[in-house]
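Student: I would like a close look at one part of this chain, with the backbone and the exposure of its residues described. Please take the loop residues as the main subject and add a helix residue afterwards.

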Amino acid sequence: MSSSEAKRMWRESIKAHYSHRCVYCGSPNHLTLDHVRPRCRGGRNDASNLVAACQSCNRSKGSSDVLDWFLGQPFFNPSILQSLPL
C-alpha cells in the first residue's frame with residue numbers, strides 16, 4: 001500500500017467515525033477534516049484532534065477556538081459539544 005493510499009484510508013476512517021457527517025452542523029456534503037484545536041494554536045495533526053467537518057463549517061471556524069466559534073452558531077447543540085475531542 002502506498003503512503004498516499006494509507007493517508008486516504010486514514011482520512012476516510014475519521015469521516016466514517018463521524019458517520020460521514022459534519023460533526024458541527026450534521027451536513028453530509030463536502031466533508032473535510034477539521035483540527036478541533038487548530039495547528040497554529042498548538043493542535044496536533046492526529047486522529048485525537050481531527051473531526052469530520054463540511055467545508056462551510058471548516059472555513060467558518062478557521063483557526064478560531066472551537067468553543068468560541070461553536071457557541072455562536074445557529075446549529076449549536078450542547079450534546080454535540082460534549083462529543084468533541086477537546
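Tutor: What follows covers two loop residues and then one helix residue. The model is predicted, and the angles, distances and accessibilities below are computed from it.

Start with Ser19, which sits in the loop that links α1 (3–17) and β1 (31–35). Ser19 is not a glycine, yet its phi is positive, at about 55°. Its side of the picture is open: Ser19 has 55% relative accessibility and therefore counts as exposed, the cut-off being over 50%.

His20 belongs to the loop between α1 and β1 as well. Its backbone also has a positive phi, about 55°, and His20 is not a glycine either. For exposure, His20 has a relative accessibility of 35%. Buried would require under 20% and exposed over 50%, so His20 counts as partly exposed.

Now the helix residue. Ser79 lies in α4, which spans residues 78–83. With 44% relative accessibility, Ser79 falls between those two cut-offs and so is partly exposed. The side chain of Ser79 has a polar contact, at 2.7 Å, with the side chain of Asn77. As for distance across the fold, Ser79 and Pro38 are 41 residues apart along the chain, and 22 Å separates their C-alpha atoms.

To put the loop together again: Ser19 is exposed, His20 is partly exposed, and each has a positive phi of about 55°.

Note on methods
Residues numbered from 1 in each chain as written. Predicted model: local features only at pLDDT ≥ 70, side-chain atom pairs only at ≥ 80, totals over all residues. Heavy atoms only, no water. Helix = DSSP H or I, 4+ residues; strand = E, 2+ residues; numbered from the N terminus. Buried < 20%, exposed > 50% of the residue type's maximum accessible area, 1.4 Å probe, protein only. Polar contact = N/O pair within 3.5 Å; in protein donor to acceptor, adjacent residues only side chain to side chain.
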